[in-house]
Amino acid sequence: MIGSSEFKGRGERIVEVTPAELAIAEAFVAARRAARALPDYPGAIPADLARAYAIQEAAIGLCDARPVGWKVGGVAPDLQAALGAHRVAGAVLADRVWTVGEAPTPLPVIEGGFAAIEAEFVARIGPDVDPTRTDWTLEAAADQVEAVFIGVELSGSPLSTINDLGPVVVASDFGNNLGLVIGPELTDWRARLDDIAVETVIDGVSVGRGGSLSLAGGALESVRFLLEHRARLGRPLAAGTLVSTGAVTGVHRVGVGSAATCVFEGVGEIRCTTVAAAPSRG
């Protein structure tokens, strides 16, 4: 597997979106607002991640809600060299963040699209991020984290085949994100993070086990990647930004009416149910 150091130093930038790419962004945003599935990718698939992120930035600009966080996902090892990346990122919008309560959290999924439950550790960025810094070590990234929570990402898109079509398609549609559930804070996270066992149970069946080290480089590598990635795009992370660091038990596809429990040993559990998404203005 290609290590993260092999990607350090590669420049990134936001490129101007073309009219055709803007039409792709508009199609994804319209489908999300209408809670309507897309039968196919709504245009030509981006040639590379730079074009994909340009589409995502355009889509963010079309939304009423603003990003309060980012999800980070892995890139398959056999694609990393060609793409020049080992992770991809997608915006988490303010109206798509939920806090765990006593009852299971209802998660709205687009019928006919893609939806998956992912147990994740969620980092919150502390203050005073240097906006000019574009190179980060793992240690420096850890120092930038002020808190870590257990969480669940609702991975999702109007496009059912989004993951099958690869990382550039994923990056172009909000990183295949539909929302984020925030659970209890992990106390003493520096000492405990890599040792917490996690299990995902869907409809009474255990579908995956893992932990921070199930992710290449661990959960903090996702934070390090995102600090560099957003800074190199000219969009450095701000204090309070949430970072959903990656699926530690796997990506578990669900439909409407599923019940999921993600158990973080010694910390707590997050219970969710999936419901049909309704049209919205967001």
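Helix H1 covers residues 19–34 of this predicted model. At 1.5 Å a residue, its 16 residues should span 22 Å, and the C-alpha atoms at its ends are 22 Å apart, so the expected and modelled spans agree. The buried residues of H1 are Glu21, Ile24, Ala25, Phe28, Val29, Ala31 and Arg32. These residues lie on the same side of H1, because they cover an arc of only 160° around the axis. An α-helix has 3.6 residues a turn, so residues three or four places apart point the same way. The exposed residues Pro19 and Ala20 are carried on the face of H1 that is turned away from its buried side.

What lies over the buried side? The cover of the buried residues of H1 includes helix H2 (49–62), strand S6 (145–157), helix H5 (167–172) and strand S7 (177–185). Just after H1, Ala35 has a positive phi of about 55°.

Glu21, in helix H1, shows one part of this packing. Its relative accessible area is 11%, and buried means under 20%, so Glu21 counts as buried. Apart from residues up to four places away in sequence, Glu21 touches Glu16, Arg51 and Ile55. Ile55 is also one of the buried residues of H2.

H2 can be examined in the same manner. Its 14 residues, at 1.5 Å each, should span 20 Å; the end C-alpha atoms are 20 Å apart, so H2 agrees with the expected value. H2 is mostly covered, with ten of its 14 residues buried. They are Leu49, Ala52, Tyr53, Ala54, Ile55, Gln56, Glu57, Ala58, Ala59 and Ile60. The elements covering them include H1, S1, H3, S2, H5 and H7. H1 and H2 therefore each appear in the cover of the other's buried residues.

The next topic is open space. The largest pocket holds about 550 Å³. It is lined by 31 residues, of which Gly73, Gly74, Val75, Ala76 and Val251 are the closest to its centre. Two or more lining residues come from each of strand S1 (67–74), helix H3 (77–83), strand S2 (87–93), strand S5 (114–125), S6 and H5. S1 gives the most to this lining, with four residues. By class, the lining of the largest pocket has 13 nonpolar, 13 polar and five charged residues.

Enclosed space is a separate matter. How many cavities of 30 Å³ or more does a search of the whole structure find? The search finds one. The largest cavity holds about 40 Å³, and its lining consists of Phe121, Ala123, Val148, Leu193, Ala219, Leu220, Val223 and Thr245. S5 and helix H7 (219–232) are the elements that give two or more residues to this lining. H7 gives the most, with three residues. The lining of the largest cavity divides into seven nonpolar residues, one polar and no charged.

Val243 touches several residues of that lining. Val243 is in strand S10 (residues 242–244), and it is buried because its relative accessible area is 0%. Leaving aside neighbours within four places in sequence, the contacts of Val243 are Trp70, Val72, Phe121, Val122, Ala123, Ile125, Val223 and Leu226. Among them, Phe121, Ala123 and Val223 also line the largest cavity. Val243 and Glu228 are 15 residues apart in sequence, and their C-alpha atoms are 13 Å apart in space.

Phe264, in strand S12 (residues 259–264), is another residue in contact with Phe121. With a relative accessible area of 1%, Phe264 is buried. Beyond its neighbours within four places in sequence, Phe264 is in contact with Ala119, Glu120, Phe121, Ile150, Gly151, Ile196, Ala197, Val198 and Ile270. One of these contacts, Ile150, is 114 residues away along the chain, yet the C-alpha atoms of Phe264 and Ile150 are separated by 7.3 Å.

Ser280 is placed in the segment after strand S13 (268–276). Is Ser280 buried, partly exposed or exposed? Its relative accessibility is 39%, and therefore Ser280 counts as partly exposed. Ser280 and Trp189 are 91 residues apart along the chain, with 37 Å between their C-alpha atoms.

Definitions and conventions. Residues numbered from 1 in each chain as written. Predicted model: local features only at pLDDT ≥ 70, side-chain atom pairs only at ≥ 80, totals over all residues. Heavy atoms only, no water. Expected span 1.5 Å × (residues − 1). Buried < 20%, exposed > 50% of the residue type's maximum accessible area, 1.4 Å probe, protein only. Arc of directions from axis to C-beta. Contact = heavy atoms within 4.5 Å. 1 Å grid on protein atoms, 1.4 Å probe; cavity = no way out; pocket = protein on both sides within 12 Å on 5 of 7 lines; lining within 4 Å. Points joined across faces, edges and corners; volume = space filled by probe spheres on them. Nonpolar A, V, L, I, M, F, W, Y, C, P; charged D, E, K, R; others polar.
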